[in-house]
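Me: Please take a close look at a single part of this structure. I would like one connected answer that starts there and works outward.

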Amino acid sequence: MQQPDQRDHGGGVDAAAARFGGRRSEWIDLSTGINPQPYKVPALPAEAWNALPDAAAQTALVDAARAFWKVPPDAALLAVPGASSAIARIPALAPKGRVRIPGPTYNEHAASFAENGWQVVETGETEAAVHVHPNNPDGRLWPLAETTAPLSIIDESFCDITPDATLMAQATVPGGLILKSFGKFWGLAGLRLGFVIGDPALVARLEQMLGPWPVSGPALHIGAAALRDETWAEATRARLGTDATRIDGLMTTAGAQIVGGTPLFRLYEVDDAQAWQTRLARHHIWSRVFPYNPRWLRLGLPPSIGWTRLERALA
C-alpha cells in the first residue's frame, strides 16, 4: 500500500511553470479531476458577503442537497468547508483501531487515519473502512457489501458523474458516512464546499468539531443554486462523457492504454509516465503521475480552448 505520509496530489502548476517556463495563466492543468467548464456563479446578495451566514441560507443549501442526492429522511446531512475538512476529522469520531483502505486510492484518507493513531491496512476485518467510490485514480466501483465496517466511510467525491452508482443506502446504516465534494463536478474547487451524509450521531459530533458557520455565505448561496439546477447537471454529464471518449481516442492513438477512470479523469498506462509528463509539460500542459506506479499517467479534461494544444502535444 502507498505510504500514508505520501500526500501527493494533482495541482502544483506554479512549480511546473517554474521548471518548464511560461506564466501560470498559460498552462492547462490536467492534473486534477475538476470540471473545466464550471457552473456559472449566480449574482449574490450583499448579505452573502457582509453578514454571518443565517439559518435560512443554511437550510436552503441543506434542502437542495437532500433533494439532489435523494438523501433518506433518517440520515443526517452536514455542509462542510470542503470534503478534505471532513476527511481530516473523521478518524477522531471512533476509538483508534484498524482501518481498511483498499489501494491504490486517494491518499488523504490513509494519511488522516495514520496521523490519528490508526493502523492502516488494505484487507481484513477492521474497526473502520474507507472506500472511494468511484475510486481515484482507476474509477473502480464498490459493491455495498464490501464496504461494511463499524465505521464505514464512502467517499463519493466523483459519483455525481454517475449518480445511479451511488451507495447512498449506506447513509442509513449506523456508523455509515457518505462524503460528497461540490468542487469537482461543478468545477468550483476554490469555493471549498463539501457534504457529509449519514449516521446522525456521528454527523452531530462532526458538526461540533467544525464549530459555528463552517461554510461561507457565498458558498451557501452558490451551492444551493447549483444543486437545484438539474438541467445543468444532466447536460454536464453528457458533455463530460463525450469529452472523456475524445481524450481516450487521442491518448490511445498516441500509444497509451486505458486503465480506467471516470468522465472527469482518465487513467492510462504508458511506457514511462515521467517522460510523458515532461513531454506534455513542454507544451505547458500539466498531468498527474504517481509515486507508486511509474507507468500510470492520469489526465483530467481540457477546457474547450485546450484541445488543440493537447492534440499537438500528443502528435
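Reply:

**Strand 6 and its surroundings**

Leu151, Ile153 and Asp155 point one way from strand 6, Ser152 and Ile154 point the other way, and all are buried. This is a predicted model. Five of the five residues of strand 6 are buried, so the strand is largely enclosed by the rest of the structure. The cut-off behind that reading is a relative accessible area under 20%.

What encloses it? Start with the strands alongside. Strand 6 covers residues 151-155, and four bridges join it to strand 7, residues 176-181. Strands 6 and 7 run parallel. Two of the partners can be named. Isoleucine 153 has leucine 177 of strand 7 as its bridge partner. Aspartate 155 has leucine 179 of strand 7. Isoleucine 153 and aspartate 155 point one way from strand 6, along with Leu151.

Now turn to strand 5. Five bridges join strand 5 to strand 6, and this pair is parallel too. Here histidine 131 finds its bridge partner in strand 6, at isoleucine 154. Isoleucine 154 shares its direction with Ser152. In general, strands of a sheet pair through backbone hydrogen bonds, either parallel or antiparallel.

Step back to the whole sheet. It is open, has seven strands, and follows the order 2-8-7-6-5-3-4. The pairing is mixed. In that order strand 6 stands between strand 7 and strand 5. The edges belong to strand 2 (76-80) and strand 4 (119-121), each of which pairs on one side only. From one strand to the next, the twist averages 20°.

A helix adds to the surroundings. Helix 5, residues 108-115, packs on the sheet. Strand 6 is among the strands that helix 5 touches, and the others are strand 3 (98-100), strand 4, strand 5 (128-132) and strand 7. The direction of helix 5 makes about 160° with that of strand 5.

Two loops in this region hold cis peptide bonds. One bond joins histidine 133 to proline 134, with omega near -5°. Proline 134 sits in the loop between strand 5 and strand 6. The other bond joins glycine 103 and proline 104, with omega about 0°. Proline 104 sits in the loop between strand 3 and helix 5. Most peptide bonds are trans, and most residues other than glycine have a negative phi.

Phi is positive at two non-glycine residues worth checking. Lysine 70 has phi near 50°. Its place is the loop between helix 3 (55-69) and strand 2. Lysine 70 is exposed, with a relative accessible area of 67%. Tryptophan 213 has phi near 55°. It belongs to the loop between helix 6 (200-210) and helix 7 (217-228). Tryptophan 213 counts as partly exposed, at 46% relative accessibility.

Alanine 235 is another residue to set against the buried strand. It lies in helix 8, residues 230-253. Alanine 235 is partly exposed, at 49% relative accessible area. Its C-alpha atom is separated by 23 Å from that of phenylalanine 195, 40 residues apart along the chain.

Finally, the record. An unreviewed UniProt entry lists residues 130-303 as "domain: Aminotransferase class I/classII large". Over residues 130-303 the chain is 32% helix and 25% strand. The end C-alpha atoms of that stretch are 32 Å apart.

How values were computed: Residues are numbered from 1 along each chain as its sequence is written. This is a predicted model: local features need pLDDT of at least 70, side-chain atom pairs count only at pLDDT 80 or more; totals for chains, interfaces and linings use all residues. Side-chain values use heavy atoms; hydrogens and water are left out. Two strands pair if DSSP finds at least two bridges between them. Axes are lines fitted to C-alpha atoms, for helices over the stretch in contact, and angles run from 0 to 180 degrees between N-to-C directions. Contact means heavy atoms within 4.5 Å. UniProt positions are given in the numbering used here, feature names are shortened, and annotations may be inferred rather than shown by experiment. Buried means under 20% relative accessible area, exposed over 50%, partly exposed in between (1.4 Å probe, protein chains only).
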